Amino acid sequence: MSTQRDRPCPRCLLDEVPGAEELAALNRQWIDALPEISRADEAVYQKRLSACRACEHLAGGSCALCGCYVEYRAAQAVRHCPDVPGRW
């Protein structure tokens with residue numbers, strides 16, 4: 001029997017998804033491993049995450065349009081939102 005707790009948090013980033021602590025830690029390692037020149041600055045990163053939190057395509061830390069972990073995608077300076085038009 002499926003419960004509300006079994007479903008991914010629909011508007012949560014990976015760091016906030018219950019039971020996804022190991023995956024969230026791995027995602028953080030990927031972000032930390034990005035070369036500084038390839039990483040979005042903190043203000044840009046937080047603005048992107050705010051846009052993702054408000055997006056109907058956010059599903060349990062992933063983008064339903066492209067399948068990426070939104071925190072990792074938002075951390076990369078040269079990436080953009082896959083929605084049309086993009087949100088960031």
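Which residues of H2 are buried? The model on screen is a predicted one, and this tour begins with helix H2, then moves outward to other places that can be selected in turn.

**Helix H2**

Select residues 42–53, the stretch that forms helix H2, and colour Tyr45, Arg48, Leu49, Ala51 and Cys52, which are the buried residues of this helix. Looking along the axis, you will find that these buried residues cover an arc of only 160 degrees, which puts them on the same side of H2. An α-helix has 3.6 residues a turn, so residues three or four places apart point the same way. Now turn to the other side of H2, where Glu42, Ala43 and Lys47 are exposed. If you bring back the rest of the chain, what covers the buried residues of H2 includes H1, strand S1 (58–59) and H3.

Before leaving the helix, compare its length with what is expected: at 1.5 Å a residue, the 12 residues of H2 should span 16 Å, and the end C-alpha atoms are indeed 16 Å apart, which agrees. Then go to the start of H2 and show Asp41, where a side-chain oxygen comes to within 3.1 Å of the backbone nitrogen of Ala43.

**The nonpolar cores**

Next select Leu13, Ile31, Leu34, Tyr45, Leu49, Cys52, Leu58, Cys63, Cys68, Val70, Ala74 and Ala75, the 12 residues that together form the largest nonpolar core. Helix H2 and helix H3 (70–75) each contribute at least two residues to this core. Apart from this core lies another one of 6 residues, including Cys9, Cys12, Leu14 and Ala24.

Within the largest core, centre the view on Ile31 and show its surroundings. Leaving out residues up to four places away in sequence, Ile31 touches Arg39, Tyr45, Glu71, Tyr72 and Ala75.

Another member of the largest core is Cys68, which is placed in the loop between strand S2 (62–63) and H3. Is Cys68 buried or exposed? With a relative accessibility of 15%, Cys68 counts as buried, because the cut-off for buried is under 20%. Its contacts, once neighbours within four places in sequence are set aside, are with Gly61, Ser62, Cys63 and Arg73. If you draw a distance from the C-alpha atom of Cys68 to that of Ala25, the viewer should show a separation of 16 Å, for two residues that are 43 residues apart along the chain.

**Helix H1 and the loop after it**

Move now to helix H1, residues 21–33, and select Asn27 within this helix. Asn27 is buried, with a relative accessible area of 1%. Its contacts, again not counting residues up to four places away in sequence, are with Leu14, Tyr69, Glu71 and Tyr72.

For a contrast in setting, go on to Ile37, in the loop between H1 and H2, where the residue is exposed with a relative accessible area of 77%. A second distance can be drawn from here: the C-alpha atoms of Ile37 and Ala59, which are 22 residues apart along the chain, are separated by 29 Å.

**Salt bridges**

How many salt bridges does the structure hold? There are 5 salt bridges in the structure, and the following stops visit some of them. Side chains of opposite charge can pair when their charged atoms come close.

Stay in helix H1 for one pair, Arg28 and Asp32, whose side chains meet in a salt bridge with an N to O distance of 3.5 Å. Both residues lie in this helix, 4 residues apart, about one turn. Arg28 is partly exposed at 32% relative accessibility, and Asp32 is also partly exposed, with a relative accessible area of 48%.

Then select Glu36 and Arg39, which form a salt bridge whose closest N and O atoms are 3.7 Å apart. Here Glu36 is exposed, with a relative accessible area of 62%, whereas Arg39 counts as partly exposed at 26%.

For the last stop, show Asp83 and Arg87, a salt bridge in which the closest N and O atoms are 3.1 Å apart. Asp83 counts as buried at 17% relative accessibility, while Arg87 is partly exposed at 35%. Adding Glu56 to the selection completes the picture, since Glu56, Asp83 and Arg87 are linked in a network of salt bridges.

Note on methods. Residues are numbered from 1 along each chain as its sequence is written. This is a predicted model: local features need pLDDT of at least 70, side-chain atom pairs count only at pLDDT 80 or more; totals for chains, interfaces and linings use all residues. Side-chain values use heavy atoms; hydrogens and water are left out. A nonpolar core is a set of buried Ala, Val, Leu, Ile, Met, Phe, Trp, Tyr and Cys residues joined through side-chain atoms within 4.5 Å. Buried means under 20% relative accessible area, exposed over 50%, partly exposed in between (1.4 Å probe, protein chains only). Contact means heavy atoms within 4.5 Å. The expected span of a helix is 1.5 Å times one less than its number of residues. The arc is that of the directions from the helix axis to the C-beta atoms. A polar contact is a pair of N or O atoms within 3.5 Å; within protein, one must be able to donate a hydrogen and the other to accept it, and residues adjacent in sequence count only if both atoms are side-chain atoms. A salt bridge is a side-chain nitrogen of Lys or Arg within 4 Å of a carboxyl oxygen of Asp or Glu.
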